[in-house]
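Open the model in your viewer and keep the selection box handy. We'll hop from stop to stop, and at each one you'll hear what to pick and what to look for.

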Amino acid sequence: LADGTFTNVTITAVPTNAGPLVINFIQTTAGNNVAWLDNVSVTSSVFPLSGSSLPASGIVTNGFRMNGRVGGCGAAGNPWLYFCWDTADQGVSGTGAWGHVAVVGTNWGTGQAFSNDVTDLPPGSSYVYRCYATNSAGESWSVTQSVRTVSVYYVATNGLDTGAYDGLSWGQPFKTISNGVAHAVDGDTVLVSNGTYSVTTQIVV
């Protein structure tokens with residue numbers, strides 16, 4: 001701002017996924033010394049309606065926790081919040097396009113985090129979710145978050161590394177530790193039964 005007195009400041013391009021902001025006003029003198037004059041908190045009405053998705057947490061073999069945050073209420077009341085999840089992104093045309101919709105409620109305002117647990121899923125399965133928010137100010141969709149449930153691979157001396165055995169149970173274990181590790185990805189678990197195993201190549205974990 002130029003030198004002088006002002007009573008109103010217009011702020012543009014406020015990020016829709018931001019939490020509450022504090023604006024500091026400063027003054028510089030001819031010697032470039034800086035003096036802090038005052039600060040003011042921006043009210044939630046400044047922020048457009050938005051529900052931001054956050055990365056999943058609590059990821060286990062049969063489920064995970066979807067996370068989100070209210071970026072703003074758009075000068076209206078707390079929004080209705082939803083999580084929409086599916087095996088692939090179903091876009092933002094409407095919640096009805098998604099295979100699963102979890103209603104979170106209206107207890108969260110600007111800057112507050114919310115979550116919902118998903119359970120009873122198969123191990124090693126991949127999903128995508130978005131947050132959807134709506135109130136009298138309009139509606140808002142978040143970006144997508146991707147998540148994969150954890151797989152557990154089993155290794156036993158009576159197992160098989162080829163054929164019908166998939167290594168996903170003690171009934172169909174792999175025979176070698178290296179094969180169990182080769183199938184696992186980041187976050188997975190390899191369980192090895194009692195016994196003697198021949199390791200002929202380096203196992204990289």
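Start by selecting Trp85 and Tyr129: Trp85 stands opposite Tyr129, which belongs to strand β8. Bear in mind as you click around that this is a predicted model.

**Around β8**

Now widen the selection to residues 126-135, which make up β8. Is this strand enclosed or not? Eight of its ten residues are buried, so β8 is largely enclosed by the rest of the structure.

Next, bring in its partners.
- Select residues 80-86 for strand β5, which pairs with β8 in the antiparallel sense over seven bridges.
- Select residues 145-148 for strand β10, which is also antiparallel to β8, with four bridges. Here you can pick out Tyr127, which stands opposite Val147 in β10.
- Select residues 138-141 for strand β9, which runs antiparallel to β8 and is joined to it by four bridges. Thr134 has Glu139 of β9 as its bridge partner. With two residues between them, β8 and β9 form a hairpin.

**The aromatic cluster**

Show side chains for Phe64, Phe83, Trp85, Trp108, Phe114, Tyr127 and Tyr129: together they form one aromatic cluster. The model has ten aromatic pairs by the ring-centre rule. One of them is Phe64 with Tyr127, so zoom in there.

How are the two rings of Phe64 and Tyr127 arranged? Their centres are 5.9 Å apart and the planes make an angle of 35°, a tilted pair. Trace the backbone from one to the other and you'll see that the pair links distant parts of the chain: Phe64 is in strand β4 (residues 63-72) and Tyr127 in β8, 63 residues apart. If you colour by accessibility, both Phe64 and Tyr127 come out as buried.

For a contrasting geometry, jump to Tyr154 and Trp170. The ring centres of Tyr154 and Trp170 are 4.7 Å apart with the planes at 65°, so this pair is edge-to-face. Tyr154 sits in strand β11 (residues 152-155), while Trp170 is in the loop between β11 and α1 (177-183), so the pair ties together parts 16 residues apart in sequence. Buried or partly exposed? Tyr154 has 17% relative accessibility and counts as buried, whereas Trp170, at 45%, counts as partly exposed.

**The open sheet**

Go back to β4 and add its neighbours. Three strands form an open sheet in the order β3-β4-β7, with antiparallel pairing. Which strands stand at the edges? Those are β3 (50-60) and β7 (113-118); each has a single partner strand, so one side of each is left without a neighbour in the sheet. On average, neighbouring strands of this sheet are turned by 20° against each other, direction ignored.

Take the β3 and β4 pair by itself: they run antiparallel and are joined by seven bridges. Within it, select Ser53 and Gly68, since Ser53 stands opposite Gly68 in β4.

**Last stop: Thr110**

Finally, select Thr110, in the loop between β6 (100-105) and β7. Thr110 has a relative accessibility of 18%, so it counts as buried. What does its side chain reach? Put a distance label from the Thr110 side chain to the backbone nitrogen of Cys73, and it should read 3.5 Å.

Notes: Residues are numbered from 1 along each chain as its sequence is written. This is a predicted model: local features need pLDDT of at least 70, side-chain atom pairs count only at pLDDT 80 or more; totals for chains, interfaces and linings use all residues. Side-chain values use heavy atoms; hydrogens and water are left out. Rings of Phe, Tyr and Trp (its six-membered ring) pair if their centres lie within 6.5 Å; planes under 30 degrees apart count as stacked, over 60 as edge-to-face and the rest as tilted. Buried means under 20% relative accessible area, exposed over 50%, partly exposed in between (1.4 Å probe, protein chains only). Two strands pair if DSSP finds at least two bridges between them. Axes are lines fitted to C-alpha atoms, for helices over the stretch in contact, and angles run from 0 to 180 degrees between N-to-C directions. A polar contact is a pair of N or O atoms within 3.5 Å; within protein, one must be able to donate a hydrogen and the other to accept it, and residues adjacent in sequence count only if both atoms are side-chain atoms.
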